[in-house]
Each structure stands twice: as C-alpha cells, then as structure tokens.
Amino acid sequence: MMRLFPVAALVIGLTGVAKGQTVPDDSQAAQVVQAFRRTPQLRIDPFRHMLVPRWGVVVSGGAIAANNALNVSDIGALIELNDNDAFLISDLLNTVGLVPAGNAAIGDGQGEGGVYVGGPFGQSLSLGLTIQGRGYGSFRMDEDAVAMLRDGNASQQSFDVGETWGAGLATAEVGAHAVVRLGPVGSQDGARVSIGFGGRYIEPIAYAREVTVLRDGTPLYVGADSVGAALDLDVAHTPDPSLGSGSGFAGDFLARVDWPTSGLYFEVLAANLGKVTVEGVERRLLSLSLASTDLG
C-alpha cells in the first residue's frame, strides 16, 4: 500500500495554500472568467472548472512542475542544446551547481488530461464530473550527494547519499465535485464565500520508485587516485502496465472568500487527501560495488 498523504515522492499529499491577489480594473485578466485567473499553485486545481458560472463540456490538459535549481531560462537553454544535438552529460552535471549550497536537489511535477462536464444549479450550487488520466512524479537528491557533484573532492573525500530517491505514478481517475456559494455577506457588494468539496476514484496504471542507500553505512569515497562505493538500489515498479491494478480514493476541499468590487480574494485549497493501493508491484534490491586505487 502506498499512501498519497503524505507521500512527497508523488507530489500528492496534504497541501494548504493561502493566497491573496488583487486584479486592476484595466487589466486583461479582469476580463477573464474568474475560474481561469486564479493564483497558480503546485498542483492542478480540481475546482478550476467548477467556478465557471455556466454549463459546459471542457476538454483540457495541463502540466505543472517545480524545482529548486533551474528557472525557465535555464530549462530553455537545455532544450535548445538538445534540439541542436549538442547536449552533453557535463551540461546536466553543471546544472547541479545551481542548487543552493547546503540544500538537496528536489523536483516535483504533475500532469493531466481529461473531460469535465457540469455547471451551476441556480446561483448557489455547482456540480461537475470529470474523467481524466494523471501522472505524478518527484525526485530528491540528498545535499551530500549534491555537494559531491557540485564541489568535487577538493575539500572532502567521503560522501553520503543520504535520502536520495525518485518516484512516479500514472493513474486513471473519475471524480465528482461541488461548490456551494454563499453571500453576499454584509451588503450587496459584500464578500462572497465559496465552499468546494469532492473526491476522485483512482485506478493505478503504472508505478515506479527507486531509493539509493549506502550499504552498511560505508561512505562513498572519492580520493585523489582512488574511488570506492557500496550502494544498494531499492527498486519497485509495475513491470507490465497493462496488468497493473489496485484502487484508491482522494478527496479535495476548497474555501474561498471574494470581494468582487475590489478584485481581492483569499483561498485555501487542500487536494489529493487519501490513499491508493498499487497491486502487481515487483521489488528488487540491486547492489553496486566499486573499488579502485588506480584511476589511471
């Protein structure tokens, strides 16, 4: 069994997000339907179609990702190198130098594509159904492993790989959500409160996870003319996605307060609360041993 909460490896866990934003009256964003100009966050919002004040069918897809090293320009440069067949392994290793000193290298991503159908029942209630496919992924390279790649062995020769792992999950999901609208509160131009809730049934399609640890706690050694390593790779995956099975459920919650005349809102979102069971997972423990006193 793999828990969606609080598994950071899959970017799916309990996340509380509180944000405030103002939209100028002359901004183009002010002309866009409210649901599609909400503050971005590190997940694909399960309520984004629910706040559109009319019935409809939406076919949509999207992806979102974050890391603590590369910005958009850096990623664009790597893509250009790859397009020109000039991308080298050294270019990838050089990006490690962009990780802040003393920090692990981390990355999270989520993508989806699917169909939504729904709309409002009067002014106080909206209902919607979704059918979609989703992919989740995450990795973490421990700060000691980052230091080895970034700083070399000039200042130290022994390194730890610490908590270094990567994981991914692909799913098919069916969900139902509702948004209840209350207000205006206090006056005709007062605050409007939206409460959203719903859930998704999850069918796992493919899953993979890899964890690297030092065998018996022996450090990885990189000296002037010698190197030594004893690593264990704990690998778990579904070997044939067509045979993958299991089930799960995730719940979503939204609380939002709007002041329409000023363009100000506050919002709290908790998404992907629940767990998923992945069956048919094979687990292997692979070992890597390396020792040399003659690098020449």
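The largest cavity in this predicted model has a volume of about 140 Å³. Around that space sit 18 lining residues, and those closest to the centre are Arg 48, His 49, Glu 112, Thr 130 and Gln 132. Strand S3 (56–67), S4 and S5 are the elements that each give two or more residues to the lining of the largest cavity. S4 makes the largest share of that lining, with five residues. Sorted by class, the lining of the largest cavity comes out as five nonpolar, eight polar and five charged residues. In total, the structure holds two cavities of 30 Å³ or more.

**The chain as a whole**

Let's step back for a moment. The chain has 296 residues, and 35% of them are buried. It contains three helices and 13 strands. If you take the contacts with a separation of 6 or more, 73% of them are between residues 24 or more positions apart. On the outside, the chain exposes about 15800 Å², and carbon and sulfur atoms supply 61% of that area.

**An open pocket**

Now for a space of the open kind. The second largest pocket holds about 410 Å³ of space. It has 16 lining residues, with Ala 69, Leu 70, Leu 92, Thr 95 and Phe 139 nearest its centre. Which elements supply at least two residues each to the lining of this second largest pocket? They are helix H1 (72–83), helix H2 (89–95), strand S4 (105–121) and strand S5 (125–141). H2 gives the most to the lining of the second largest pocket, namely three residues. As for class, the lining of the second largest pocket has 13 nonpolar and three polar residues, and no charged ones. Compare that with the lining of the largest cavity, where five charged residues turn up.

S4 and S5 are worth keeping in mind here. Both help line the second largest pocket, and both also appear in the lining of the largest cavity.

**Strand S8 and its partners**

Further along the chain, strand S8 is a good place to get your bearings. Here are three of its pairings, each with one pair of residues that stand opposite each other.

| Strand paired with S8 | Sense | Bridges | One opposite pair |
|---|---|---|---|
| S7 (residues 164–185) | antiparallel | 20 bridges | Thr 171 and Pro 204 |
| S11 (residues 245–259) | antiparallel | 11 bridges | Gly 196 and Leu 254 |
| S10 (residues 227–237) | antiparallel | seven bridges | Glu 210 and Val 235 |

S8 itself covers residues 191–214. S7 and S8 form a hairpin with five residues between the strands, and in it Gly 186 takes a positive phi near 95 degrees.

Just before that turn there is another backbone detail to look for. Pro 184 is found in strand S7, and the peptide bond that leads to Pro 184 from Gly 183 is cis, with omega near 5 degrees.

Pro 184 also shows up among the neighbours of Arg 192. Arg 192 has its place in strand S8. Leaving out residues up to four places away in sequence, Arg 192 touches Leu 182, Pro 184, Arg 256, Val 257, Asp 258 and Pro 260. Among these, Arg 256, Val 257 and Asp 258 fall within the residue range of S11, the strand that pairs with S8 over 11 bridges. Is Arg 192 buried, partly exposed or exposed? Its relative accessibility is 32%, so Arg 192 counts as partly exposed. Another residue to check from here is Tyr 265, which is 73 residues away from Arg 192 along the chain, while their C-alpha atoms are separated by 9.3 Å.

**Two residues with a positive phi**

Two more residues are worth a look for their backbone angles. Asp 85 is not a glycine, yet it has a positive phi of about 55 degrees. Asn 272 is not a glycine either, and its positive phi is about 60 degrees.

Where do the two sit? Asp 85 is found in the loop between H1 and H2, the two helices that help line the second largest pocket. Asn 272 is found in strand S12 (residues 264–279).

Their surroundings are quite another matter. Asp 85 has 73% relative accessibility, so it counts as exposed. Asn 272 has a relative accessible area of 2%, so it counts as buried.

How values were computed
Residues are numbered from 1 along each chain as its sequence is written. This is a predicted model: local features need pLDDT of at least 70, side-chain atom pairs count only at pLDDT 80 or more; totals for chains, interfaces and linings use all residues. Side-chain values use heavy atoms; hydrogens and water are left out. Helices (H or I, at least four residues) and strands (E, at least two) are DSSP runs, numbered from the N terminus. Buried means under 20% relative accessible area, exposed over 50%, partly exposed in between (1.4 Å probe, protein chains only). Contact means heavy atoms within 4.5 Å. Accessible areas come from the Shrake-Rupley method with a 1.4 Å probe; for residues, only the protein chains shown count as cover. On a 1 Å grid over the protein atoms alone, a cavity is a set of points where a 1.4 Å probe fits but cannot get out, and a pocket is an open set with protein on both sides within 12 Å along at least five of seven lines; lining residues have an atom within 4 Å of a point. Grid points are joined across faces, edges and corners, and a volume is the space filled by probe spheres set on the points. Ala, Val, Leu, Ile, Met, Phe, Trp, Tyr, Cys and Pro count as nonpolar, Asp, Glu, Lys and Arg as charged, and the others, Gly among them, as polar. Two strands pair if DSSP finds at least two bridges between them.
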